[in-house]
Amino acid sequence: MSVRELVVLGTASQVPTRHRNHNGYLLRWDGEGLLFDPGEGTQRQMLRAGVAAHDLNRICVTHFHGDHSLGLAGVIQRINLDRVPHEITAHYPQSGRHFFERMRYATAYRETVDLTEVPVAGDGTLAVTDAYRLEARRLSHPVESFGYRLVEPDGRRMLPERLAAHGIKGPDVGRIQRDGAIGGVLLEDVSEVRRGQRFAFVMDTRLCDGVHALAQDCDLLVIESTFLDEDEDLAVEHGHLTAGQAARVARDAGVRHLVLTHFSQRYTEPEEFERQARAAGFEGELSVAHDLLRVPVPKRR
């Protein structure tokens, strides 16, 4: 059975708190696992969330500030200790390759896993599989930062009434799906486009073109909202978003489920992030993330 869900491992910005670990997010996409921004303590949070090293297929780092990357050393050593049998691919800003290499070889250990590095040099496609296309877009932060977007290929949805009208049933349904036509009837005559699902991960950034491009038409958007709206000047100064800014991006992009995260330790009332997001006009599903939250990718329309 396929599973598509976000597992939140940590939600704090800059420093962990008593109730929030540093960043860490796992996207389960059918049989694959994509780990985003493993901050300090991610290995332990994986244990608490029931996430194994064997669940990982890709590691995606947005930028090299510690709260988004200091967990790399532990995670990389764990996948080698557990002898993960498949290749794991790591994506990160190319300008930070020296940081990645330092954390990959922070201490002595025995390498047993094929860890392939595919750095991000600019906007574009990073990988194409049967299940998705992984893209990156440049963000606006004091250090080079990229957001990630996963797009499932479009498929076809069979329409029973049209199949019946053309007398297509039983094994012939499978044949027309496979061959594209049967007895002069085209697949397009008895089906419609089923849009692939879309997921985006947007961390430390000011508002910029990349934020909007990543969010467009997403079923599930994970986005930072480090500050509340009254501290927008601080957000701009330090390269971050407010709750209202993030919500307006989601509203204008047609996002179905918005996940706000990466909260400054200065705030103690998470419900205020939801209030400001709603005040900004976002009407879809909304989650103010907390550690170990699980969020399913919305079902197809």
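## Overall dimensions and burial

Of the 301 residues in the chain, buried residues make up 54%. The model is a predicted one, and every value in this report is computed from that model. The chain holds 10 helices and 18 strands, and its radius of gyration of 21 Å is close to the 19 Å that the globule rule gives for 301 residues, so the chain is as compact as a globular protein of that length.

Along the principal axes, the C-alpha trace spans about 65 × 50 × 35 Å. The accessible surface of the chain comes to about 13600 Å², and carbon and sulfur atoms account for 48% of that area. If contacts between residues at least 6 apart in sequence are considered, 66% of them join residues at least 24 apart.

## The sheet from E6 to E18

One open sheet is formed by 7 strands in the order E6-E5-E4-E3-E2-E1-E18, with mixed pairing. Strand E6 (115-117) and strand E18 (294-296) stand at its edges, and each has a single partner strand, so one side of each is left without a neighbour in the sheet. On average, and with direction ignored, neighbouring strands of this sheet are turned by 20° against each other.

At the E6 edge, strand E5 (residues 88-91) runs parallel to E6 and is joined to E6 by 3 bridges, and isoleucine 88 stands opposite leucine 115 in E6. Helix H4 (residues 97-104) lies across both E5 and E6, and its direction runs at about 165° to that of E6.

## Helix H1 and its two sides

In helix H1 (residues 42-49), the residues Thr42, Gln45, Met46 and Ala49 are buried. They cover an arc of only 105° around the axis, which puts them on the same side of H1. An α-helix has 3.6 residues a turn, so residues three or four places apart point the same way. On the other side of H1, by contrast, Arg44 and Leu47 are exposed.

The cover over the buried residues of H1 includes strand E1 (4-10), strand E2 (24-29), strand E3 (32-36), helix H3 (72-81) and E18. Just after H1, glycine 50 takes a positive phi of about 75°.

## Helix H3 and isoleucine 76

Helix H3 is mostly covered, with 7 of its 10 residues buried, namely Leu72, Ala73, Val75, Ile76, Gln77, Ile79 and Asn80. Just after H3, arginine 83 takes a positive phi of about 50°.

Isoleucine 76 lies in helix H3, and with a relative accessibility of 0% it counts as buried. Leaving aside neighbours within four places in sequence, isoleucine 76 is in contact with Phe100, Arg104, Tyr109 and Leu115; of these contacts, Leu115 is the residue of E6 that stands opposite isoleucine 88. The C-alpha atoms of isoleucine 76 and glutamine 43, which are 33 residues apart along the chain, are separated by 9.5 Å.

## The sheet from E7 to E17

A further open sheet has 7 strands in the order E7-E8-E9-E14-E15-E16-E17, and the pairing is again mixed. Its edge strands are strand E7 (124-128) and strand E17 (285-288), each of which pairs on one side only. The twist from one strand to the next averages 15°. Helix H10 (residues 271-279) packs on this sheet, where it touches strand E16 (257-261) and E17, and the direction of H10 makes about 150° with that of E17.

## Strand E9 between its two partners

Strand E9 is mostly covered, since 6 of its 6 residues are buried. Phe146, Tyr148 and Leu150 point one way from E9, whereas Gly147, Arg149 and Val151 point the other way, and all are buried.

Strand E8 (residues 133-138) pairs with E9 in the antiparallel sense over 6 bridges, and the bridge partner of alanine 136 in E9 is tyrosine 148. Strand E9 (residues 146-151) also pairs with strand E14 (residues 198-202), in the antiparallel sense and over 4 bridges. Tyrosine 148 stands opposite phenylalanine 201 in E14, and the bridge partner of valine 151 in E14 is arginine 198.

Definitions and conventions. Residues numbered from 1 in each chain as written. Predicted model: local features only at pLDDT ≥ 70, side-chain atom pairs only at ≥ 80, totals over all residues. Heavy atoms only, no water. Pairing = 2+ DSSP bridges. Helix = DSSP H or I, 4+ residues; strand = E, 2+ residues; numbered from the N terminus. Axes fitted to C-alpha atoms, helices over the stretch in contact; angles between N-to-C directions. Contact = heavy atoms within 4.5 Å. Rg over C-alpha atoms; globule rule 2.2 N^0.38 Å. Buried < 20%, exposed > 50% of the residue type's maximum accessible area, 1.4 Å probe, protein only. Areas by Shrake-Rupley, 256 points an atom, 1.4 Å probe, with all protein chains shown as cover. Arc of directions from axis to C-beta.
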